[in-house]
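Q: Could you take me through the central sheet of this model, strand by strand, and show me what packs around it? I'd like the cut-offs spelled out as you go.

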Amino acid sequence: MRIVLLGAPGAGKGTQCKRLLAAYTLVHLSSGDILRQERSEGSDLGKKAQGYMDSGGLVPDELIVEMMVKAIEDLATDGFVLDGFPRTVNQGAELDAALAASGKALDVVLNLEVRDDVIYDRMSGRRSCPKCGAVYHLISLKPQVEGICDHDGEGLIQRRDDQLEVVEKRMETYHQQTKPVVEYYQNSAVRVFDVQANGDAETVHAEIREILARMSDSQTV
Ligand code: AP5
């Protein structure tokens with residue numbers, strides 16, 4: 001299955017992708033995670049991306065498209081779930097063209113719908129492991145020991161772009177540049193489903209599973 005998961009910053013895309021991996025044969029490709037990895041390695045791409053990420057803007061399309069198309073081409077399996085990409089209509093068109101060139105297409109677009117006040121709570125409470133990338137929340141997903149990653153014992157940090165003023169800019173960027181991607185897909189051949197995602201992570205996951213099961217039953221996937 002080839003899935004695109006859309007949603008505002010902090011909507012829970014990464015959280016849902018991890019749950020999907022446990023249920024389906026998929027690879028999770030997160031443009032944000034790949035960029036953060038490039039930054040931590042000090043690569044040219046990471047250096048170029050840094051300023052855009054820290055200010056809540058978007059990294060230029062040409063850098064992102066090249067990075068993500070290569071990541072898709074490098075996959076050993078056919079199934080993937082894209083998280084954070086595409087984020088502009090142009091990125092969507094470039095992705096379609098790259099998939100078409102290899103005789104492939106997306107199966108489904110899932111659009112997580114979350115109220116803005118819920119988004120702010122999720123992002124202000126998020127804590128991440130700088131080593132393995134595991135994501136926690138101060139209230140909804142606590143580590144076993146406060147401030148420490150369950151997986152590797154590393155101290156948890158707040159992402160630089162989860163500071164309130166950057167979150168506000170990211171939300172503005174989302175409404176201006178990423179929301180139109182939903183409409184782009186609604187006007188295409190690929191099936192698009194809105195997922196009400198204000199509830200807890202398990203409830204949202206169950207709704208996504210139901211959508212994918214219905215698609216499977218109708219033999220469209
Ligand atoms: P990126 O890392 O993609 O950030 P984002 O899209 O803003 O998404 P987040 O990672 O912030 O949130 P998420 O939706 O994955 O939520 P999560 O599951 O962690 O991008 C960062 C930056 O990189 C961008 O600003 C941009 O500069 C650049 N970039 C990336 N891709 C780009 C592209 N394609 N083009 C250009 N630039 C690009 O959940 C958030 C919190 O809520 C967690 O604490 C979690 O535990 C909690 N939570 C999640 N779901 C629930 C739930 N249902 N109930 C309760 N708590 C929940």
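A: Let's start with a single pairing: Leu6 has Asn111 in strand 4 as its bridge partner. Further along, Ile3 has Val108 as its bridge partner in strand 4. In total, 5 bridges join strand 1 (residues 2–7) to strand 4 (residues 108–113), and the two run parallel. A word on terms: strands (E, at least two residues) and helices (H or I, at least four residues) are DSSP runs numbered from the N terminus, and two strands pair if DSSP finds at least two bridges between them.

Please keep in mind that this is a predicted model, in which local features need pLDDT of at least 70 and side-chain atom pairs count only at pLDDT 80 or more, while totals for chains, interfaces and linings use all residues. Residues are numbered from 1 along each chain as its sequence is written, and side-chain values use heavy atoms, with hydrogens and water left out.

On to the next partner: strand 4 also pairs with strand 7, in the parallel sense, over 6 bridges. There, Glu113 stands opposite Gln196 in strand 7. Of the 6 residues of strand 4, 5 are buried, so the strand is largely enclosed by the rest of the structure. Buried here means under 20% relative accessible area, against over 50% for exposed and partly exposed in between, with a 1.4 Å probe and protein chains only.

Stepping back, 5 strands form an open sheet with parallel pairing, in the order 2-3-1-4-7. Its edges are strand 2 (27–30) and strand 7 (191–196), each pairing on one side only. From one strand to the next, the twist averages 20°. Helix 7 (residues 164–186) packs on this sheet, touching strand 1, strand 4 and strand 7, and its direction makes about 140° with that of strand 1. Such angles run from 0 to 180 degrees between N-to-C directions, with axes fitted to C-alpha atoms, for helices over the stretch in contact.

In a regular strand the side chains alternate between the two faces of the sheet. With that in mind, have a look at the cores. The largest nonpolar core has 28 residues, and Val4, Leu35, Leu82, Leu95, Leu106 and Tyr185 have the most contacts inside it. Such a core is a set of buried Ala, Val, Leu, Ile, Met, Phe, Trp, Tyr and Cys residues joined through side-chain atoms within 4.5 Å. Strand 1, helix 3 (44–55), helix 4 (61–73), strand 3 (80–83), helix 5 (89–101) and helix 7 each give two or more residues to this core. Helix 4 supplies the largest share, 8 residues.

Leaving aside neighbours within four places in sequence, Val4 is in contact (heavy atoms within 4.5 Å) with residues including Leu82, Phe85, Pro86, Val108 and Tyr185. A second, separate core of 26 residues includes Leu5, Val167, Met171 and Met215.

Two of those Val4 contacts deserve a closer look: a cis peptide bond joins Phe85 and Pro86, with omega about 0°. Pro86 lies in the loop between strand 3 and helix 5. Phe85 also touches Ser31, whose other contacts beyond four places in sequence are Met67, Met68, Asp83, Gly84 and Arg87. Ser31 is found in helix 2 (residues 31–41), and at 4% relative accessibility it counts as buried.
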